[in-house]
Amino acid sequence: MPPLMSAHVTGPYYCGVGADKVYGREICEAHARACMYAGIKISGTNAESMPSQWEFQVGPCEGIEMGDQLWMARFILHRICEDFGVIVSLDPKPVVGDWNGAGCHANFSTQSMREPGGYPHIEEAISKLSEVHNQHIAYYDPHGGRDNERRLTGAHETETIDAFSFGVANRQCSIRIPKQTFDDQFGYFEDRRPSSNCDPYTVTAALVKTCCLQGRDRKLSLTYVPNF
């Protein structure tokens, strides 16, 4: 990773191009090709807000397949990095200071949300999520929320870890509703709280339990307790 520059010049790196702004594209593209060869549903990549920080997207997937697909995509990433003599970090705040952290944003929908007129179902799911925010935070990183405490600060396109919010085309919220979804009145929403090192199986389970199940089947056994 190159020496860090002052925070006011972070802009050129996001979705950047040029050897003075982008570092590691050959790794990102080798990973994408390997995922396609392996049958992973990789659907996109982009350079992120910090030098040598990259994002890839997997999906759409149904149910528990999300965990399988992302877990194997991570394995392939580590294996590709071996060939380049690089170690990849999944830490949600790899560099302290005025730099973006790293999330594992979960795009979520049900069939009723995706059908025309499905927007009320999206609103209903978000309302349910608002009632169990601290429980979800406990499932959204491997240490019950302690990793996300460093990332979900209210800065760098995040909401604070102890607050729940949602908005249209708003990256500062817990839940972002895409502008296209709002315009169409159907589609999906993005849960921006999961950390980059999350367990995708527990994230998927928490979302399905809260948004789709009823009664005792909805119960989440873990709860995040703020450490401040």
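These numbered points comment on a predicted model of a single chain, moving from its confidence to its sheet, cores, helices and loops.

1. Confidence comes before any reading of detail. The mean pLDDT of the chain is 94, and 96% of its residues reach 70 or more. Residues 1-9 stand apart from that picture, with a pLDDT below 50, and this stretch has 11 contacts in the model beyond near neighbours in sequence. Where pLDDT is low, the predicted coordinates should not be read in detail.

2. The open sheet can be traced strand by strand. It is formed by 4 strands in the order β3-β6-β5-β4, with mixed pairing, and its edges are β3 (106-108) and β4 (166-168), each of which pairs on one side only. Neighbouring strands of the sheet are turned against each other by 25° on average, direction ignored. Between β3 and β6 (residues 189-191) the pairing is antiparallel and involves 3 bridges, and here Asn 107 stands opposite Glu 190 in β6. Helix α8 (residues 200-212) packs on this sheet, where it touches β3 and β6, and its direction makes about 30° with that of β3.

3. Which two residues touch the most other members of the largest nonpolar core? They are Phe 189 and Leu 207, in a core of 24 residues. At least two residues of this core come from each of β3, α4 (119-131), α5, β5 (175-177) and α8, while α4 supplies the largest share, 5 residues. Leu 207 is in contact with Ala 106, Phe 108, Leu 129, His 136, Tyr 140, Asp 191 and Cys 212, if neighbours within four places in sequence are left aside. Another core, of 13 residues, lies apart from the largest one, and its members include Ile 27, Ala 30, Cys 35 and Ala 73. In soluble globular proteins, nonpolar side chains tend to be buried together.

4. A hairpin is built from strands β1 and β2, with 6 residues between them, and Ser 52 in its turn has a positive phi of about 70°. The two strands, β1 (residues 42-47) and β2 (residues 54-58), run antiparallel and are joined by 5 bridges; within this pairing, Gly 44 stands opposite Gln 57. In the loop that leads from β2 to α2 lies Pro 60, and the peptide bond from Gly 59 to Pro 60 is cis, with omega near 5°.

5. Helix α2 (residues 65-84) allows a simple check of length: at 1.5 Å a residue its 20 residues should span 28 Å, and its end C-alpha atoms are 29 Å apart, so the two values agree. Its buried residues are Gly 67, Gln 69, Leu 70, Ala 73, Arg 74, Ile 76, Leu 77, Ile 80 and Cys 81, and what covers them includes α1 (25-38), β2 and α8. Just after this helix, Gly 85 takes a positive phi of about 65°.

6. His 31, which lies in helix α1, deserves a separate look. Is this residue buried or exposed? His 31 counts as buried because its relative accessibility is 2%, where the cut-off for buried is under 20%. Beyond residues up to four places away in sequence, His 31 touches Ile 42, Phe 56, Ala 73, Ile 76, Leu 77 and Ile 80.

7. Helix α4 passes a similar check, since its 13 residues should span 18 Å at 1.5 Å a residue and its end C-alpha atoms are 19 Å apart, which agrees. The buried residues of α4 are Tyr 119, Ile 122, Ala 125, Ile 126, Lys 128 and Leu 129. Glu 124, also found in this helix, counts as partly exposed at 42% relative accessibility.

8. Positions separated along the chain can still meet in space, and Gln 135 in helix α5 (residues 133-139) gives an example. Its C-alpha atom is separated by 7.7 Å from that of Ser 221, although the two residues are 86 residues apart along the chain. Apart from residues up to four places away in sequence, Gln 135 touches Leu 220, Leu 222, Thr 223 and Tyr 224.

9. Two loop residues have backbone angles that a reader may wish to inspect. Ala 169, in the loop between β4 and β5, has a positive phi near 55° although it is not a glycine, and Ala 169 is partly exposed, with a relative accessible area of 47%. Gln 185, in the loop between α7 (179-184) and β6, is likewise not a glycine and has a positive phi of about 65°; Gln 185 is partly exposed, with a relative accessible area of 33%.

Technical notes
Residues numbered from 1 in each chain as written. Predicted model: local features only at pLDDT ≥ 70, side-chain atom pairs only at ≥ 80, totals over all residues. Heavy atoms only, no water. Contact = heavy atoms within 4.5 Å. pLDDT = per-residue confidence, 0-100. Pairing = 2+ DSSP bridges. Axes fitted to C-alpha atoms, helices over the stretch in contact; angles between N-to-C directions. Core = buried A, V, L, I, M, F, W, Y, C linked by side-chain atoms within 4.5 Å. Buried < 20%, exposed > 50% of the residue type's maximum accessible area, 1.4 Å probe, protein only. Expected span 1.5 Å × (residues − 1).
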